[in-house]
Amino acid sequence: MGGVLVWHNPGCGSSNNAVEYLRAKGIEPEIFLYLKEKPNKAQIESVLKAGNMLPSALLRPNDKQAQELGLYDGASEAAILEAMATHSKFIQRPIVITAKGAVIARPKTRIEEVL
């Protein structure tokens, strides 16, 4: 099997569970610390394309700042994408990416869709 990349936040239980799920399957994923390394718009677009998702699907729910920016109230997909490129904390986690595609690994068993 090819490589597995995880957009990971080590401070998130769901993200840690996804990494451990992969390791339990004998897969050592490449880790992208998206809050620290801040993905650009092109990187986010690549994940969206791999997962056949709209930016709104990748938007972390219930973020106070995102709410203040009106991202949950009919904002355009372009505006959501721009906001995520500026504020990586708006991106849902964890994201698992393989040659087969990308999924938001909530629940962690969704990882099976791209293995």
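**Salt bridges in the predicted model**

At 36% relative accessibility, R23 sits in the partly exposed class. The model here is a predicted one, and a search through the whole of it turns up 6 salt bridges. R23 takes part in one of these, pairing with E28, and the closest N and O atoms are 2.9 Å apart. E28 itself counts as exposed, because its relative accessibility is 54% and the exposed class starts over 50%. The story doesn't stop at a pair, though: E20, R23 and E28 are linked in a network of salt bridges.

Next up is K41, which forms a salt bridge with E82, with 2.8 Å between the closest N and O atoms. K41 belongs to helix α3 (residues 41–51) and E82 to helix α6 (residues 77–86), so this contact ties together parts that are 41 residues apart in sequence. As for solvent, K41 is partly exposed, with a relative accessible area of 34%, and E82 is also partly exposed, at 38% relative accessibility.

Then there is K89, whose side chain meets that of D63 in a salt bridge at 3.5 Å, N to O. This pair, too, links distant parts of the chain: K89 is in the loop between α6 and β3 (95–98), while D63 is in the loop between α4 (55–58) and α5 (64–68), and the two positions lie 26 residues apart in the count along the chain. The two partners fall into separate accessibility classes: K89 is partly exposed at 36%, whereas D63, at 11% relative accessibility, is buried, because the buried class covers anything under 20%.

Notes:
Residues numbered from 1 in each chain as written. Predicted model: local features only at pLDDT ≥ 70, side-chain atom pairs only at ≥ 80, totals over all residues. Heavy atoms only, no water. Salt bridge = Lys/Arg side-chain N within 4 Å of Asp/Glu carboxyl O. Buried < 20%, exposed > 50% of the residue type's maximum accessible area, 1.4 Å probe, protein only. Helix = DSSP H or I, 4+ residues; strand = E, 2+ residues; numbered from the N terminus.
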